[in-house]
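Let's take a walk through this one together, starting with the whole chain and then stopping at a few individual spots. Keep the viewer open as you read.

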Amino acid sequence: MKSSHTARFLIFLVCATILAACVQPGTDTPAPAASPAAPTATELPTTPATAAPTAAPSRAPGVINLTPRELPWWNDAVFYEIFVRSFADDNGDGIGDFAGLTAKLDYLNDGDPATTTDLGITGIWLMPIHPSPSYHGYDVTDYTAINPDYGTLDDFRGFLDAAHQRGIRVIIDLVLNHTSEEHPWFLSALNGPGAPYHDYYLWSDTDPGIRSSEGKAVWHRAANGQYYYGFFWSGMPDLNYTNPAVTQEMERVVDFWLSDVGVDGFRLDAARHLIEEGSQLANTQATHQWFEGFRQQYKAEKSDALTVGEIWDKSSVVATYTEGDELDLAFNFDLAGAWLTAAAAKDARTANFVLERDLKAFPPGQFATFLANHDQNRVINQVNDDVERAKSAAALLLTAPGVPFLYYGEEIGMRGQKPDEMIRTPMQWSAEAGAGFTTGQPWEAINPDFDLVNVAAQTGDPDSLLSRYRSLIQLRNASPALRSADAWVVDSGSKAVYALLRASPEQVLLVIANLSDDPLQDYALTLESGPLGGSFDVADLLNGTGGEVPVLAANAGGGFDAYRPLPELAPGAVYAFELRP
C-alpha cells in the first residue's frame, strides 16, 4: 500500500508540473470582444509586446494568395485640392489664376516618372471655378462659366490640356445643392409663382419653423414676402430637386463640363442635403434615389467620370452613398479624425480601430481619404504645431487603402485656423516678397511665417515635411500594393506603433510607423490571418534597410507571429518593408 501511495503521488506531481508549465499567466486569456464604438485613447488597453527570440525559419517559397481585382483609375491616383484664388497669381493682381496654376504644374507632376523633384500627384480637385459674389465661390451665379478673376474658359482649357499631358486628371467642384441669391434663376423666382424659375426653389407663404440640427434657421424671408429654404444661409437658396426641370438643368451642366470641356469628374458639395423630407434635412431616401438617376446620366456621358461626395457624417452613413449605384467615392471624415488624433497623441489604437471597422463598411477601396480640407483647421494646427506629428499623419494617409486627397500647402506645413479665410491663405512658395505667390497685393494676407515655411526652403532638405510627402507619394505611385483595395491591420503590441499589411497579387508591403518621439524596441508584429504563404525575404523600400532584415515566415492562417524586422524602430520613423517571395 505504501508503494502504491508513493507511485500515485509521483504521478500527481509529474502531472501538476506539466500543467503548470502549460498554463502560464496571460497566455491563454481569450481576446476581449470588439467594442461597438471607437474607444478613446485613455480607454484603450495597452497590450504588452510578446516577442521572443525564435530560430530562423526554413526558407519555403513565398506566395500571395489573392485573386486579381479590377479597380477604377482613381485607385491609382493621389489627388491635390486647390483653391485657385490662393495658389499662384500670374498677372500680379493678387488673385490666383489659371495661368499661374498652369505655370506651377511641374511642381505637382512634371510628367516624367523618373524624376523625384516633383510632388507626384496624379489628380487635382479644383474648388469652385464659377462666377460668384463670394471669394470662395460656393454660391454660384453661372454653372457653365469661369470666374473672371481666374481667367477665361480658354485659360481653363489650356490648364486642363497641360494637366492631362502630365498624366493628371482634373475634377471640379459642382455645387448641386444651392445657388447664389444673385443667380438669374433666383432673381426671376422672386417675381412670384408665375415666374419661369419660381419652382426651381422651395417656397412657403409662412415660416415653417423648421431648424437645422444645430438650431439654425433654414427658412428665410424674401423681398417678395415669401419664405424660401436655404440650409446654409440666406445667400444660398437651395434648389428644388423635386422639380424635374432642375434635374434637367444640372444634366446640361454635367454634359457641358464632361463632354464639351473634358474634365474628369466632380466633387459634389453638400451632397447629403439635396432633397428634404419634412424635418429630415439630410440623408433622405429621395436624395439617394436622385443620385441613382444622376449616376446613370453622367456615366452615359463619360463612363469613367468620377464623382466624390462630401457627406460630412459618420462612416456608416457615408458608406450608404457608395454601396449601390450612387456615388463612386465619398470622403471618410471619421478616418481623417482618427488619423489626426493618433498622430497628435502618438497613439495608434484609435486609428487602428476606425480603419479596421471602415474596411468592412465600404466597398473595397471605394472611399476618399484625407487629413483636412478647406473647411477645417489645417493639419499642423491640429497636431500641436509639431512637424514630426504632421509627418506621422502623412504616413497614415498615404499608405492606407482608399483614394487620398491632399489639401494644398499641407505638404509644407502651412498654418491656419478658422475663420475660413485663414485656412485658405495664399500658397507659400518662397521667402521673397509675396511668398512667390504674387508680385502684387495678395487678396488675403500671407501667413507671417512664409519666410521659413515655404516650398523653396524645404525642397533641398531631406528631413523636411515636403520631402516626407514626396517620398510617400512616389512610393505609392510605384507600389501596386499601396494602390490596391486590400489591407490588414497588424497588432504590434505597442500603442505607439502603427502597422498595416498592404497586398496585391503582384506585391506585399508591411508598413510600420513609430508614432512616438523615442526609439522603440518593445514591439512584435502579429497577424492572425492574411494572404501569405511560405517565407519572404524582406527589404525596406523607404529607408534602404536590406540584408540584415530577418525572413518573414507565414503562419497557418496566412499571417505571421511575433515578427520583428528590426531590433529598434527609430523615433518618428516610417518603414515600408517589401515581402519578396
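Among contacts in the protein between residues at least 6 apart in sequence, what percentage join residues at least 24 apart? The figure is 69%. Keep in mind that this is a predicted model. The protein has 581 residues, and 56% of them count as buried. As for secondary structure, you'll find 15 helices and 21 strands. On the outside, about 23600 Å² is exposed, with carbon and sulfur atoms supplying 53% of that area.

Now head inside. The largest nonpolar core has 138 residues, and the members touching the most others are Tyr80, Leu126, Phe156 and Trp257. Pick Leu126 and look around: once you skip its neighbours within four places in sequence, its contacts include Ile82, Val84, Phe98 and Leu101. Phe156 and Phe159 are on that list too, as is the run Val170, Ile171, Ile172 and Asp173. There's also a second, separate core of 28 residues, with Leu520, Leu525, Ala573 and Tyr575 among them.

Next, helix packing. Two packed helices are described by the angle between their axes and the distance between the axes. For α7 (244-261) and α8 (residues 285-301), the angle is about 30° and the axes are 10 Å apart. The crossing of α7 past α8 is right-handed. From the α7 side, Thr247, Glu251, Val254, Asp255, Leu258 and Ser259 take part, and they meet Trp290, Phe294, Gln297, Tyr298 and Glu301 of α8. Sort the residues of this contact by type and you get five nonpolar, three polar and three charged.

Follow the chain out of α7 and you come to Asp264, in the loop that leads to β8 (265-268). Is Asp264 buried or exposed? Asp264 counts as buried because its relative accessible area is 5%, below the 20% cut-off. Leaving out neighbours within four places in sequence, the residues in contact with Asp264 include Trp73, His164 and Arg169, along with Lys302, Asp304, Ala305 and Leu306. Leu258, which takes part in the α7 contact with α8, also touches Asp264. Val170 and Ile171 are contacts of Asp264, and both are contacts of Leu126 as well.

Time for some backbone geometry. Most residues other than glycine have a negative phi, and most peptide bonds are trans. Ala270, in the loop between β8 and α8, isn't a glycine but has a positive phi of about 50°. Asn384 isn't a glycine either, and its phi is positive at about 65°; look for Asn384 in the loop between α12 (379-382) and α13 (387-398). Their surroundings are another matter: Ala270 is buried at 2% relative accessibility, whereas Asn384 is exposed at 59%. For the peptide bonds, check Lys418 and Pro419, which are joined by a cis bond with omega of about 10°. Pro419 belongs to the loop between β12 (403-407) and α14 (455-459).

One last stop is Ile210, in the loop between β5 (203-204) and β6 (219-221). With a relative accessibility of 25%, Ile210 counts as partly exposed. Beyond neighbours within four places in sequence, Ile210 is in contact with Val218, Trp219, Gly278, Ser279 and Leu281. How far apart in space are Ile210 and Tyr229, C-alpha to C-alpha? They are 9.8 Å apart, with their positions 19 residues apart in sequence numbering.

Conventions. Residues are numbered from 1 along each chain as its sequence is written. This is a predicted model: local features need pLDDT of at least 70, side-chain atom pairs count only at pLDDT 80 or more; totals for chains, interfaces and linings use all residues. Side-chain values use heavy atoms; hydrogens and water are left out. A nonpolar core is a set of buried Ala, Val, Leu, Ile, Met, Phe, Trp, Tyr and Cys residues joined through side-chain atoms within 4.5 Å. Buried means under 20% relative accessible area, exposed over 50%, partly exposed in between (1.4 Å probe, protein chains only). Contact means heavy atoms within 4.5 Å. Helices (H or I, at least four residues) and strands (E, at least two) are DSSP runs, numbered from the N terminus. Axes are lines fitted to C-alpha atoms, for helices over the stretch in contact, and angles run from 0 to 180 degrees between N-to-C directions. A crossing is left-handed if the near helix is turned anticlockwise from the far one by less than a right angle, and right-handed if clockwise. Ala, Val, Leu, Ile, Met, Phe, Trp, Tyr, Cys and Pro count as nonpolar, Asp, Glu, Lys and Arg as charged, and the others, Gly among them, as polar. Accessible areas come from the Shrake-Rupley method with a 1.4 Å probe; for residues, only the protein chains shown count as cover.
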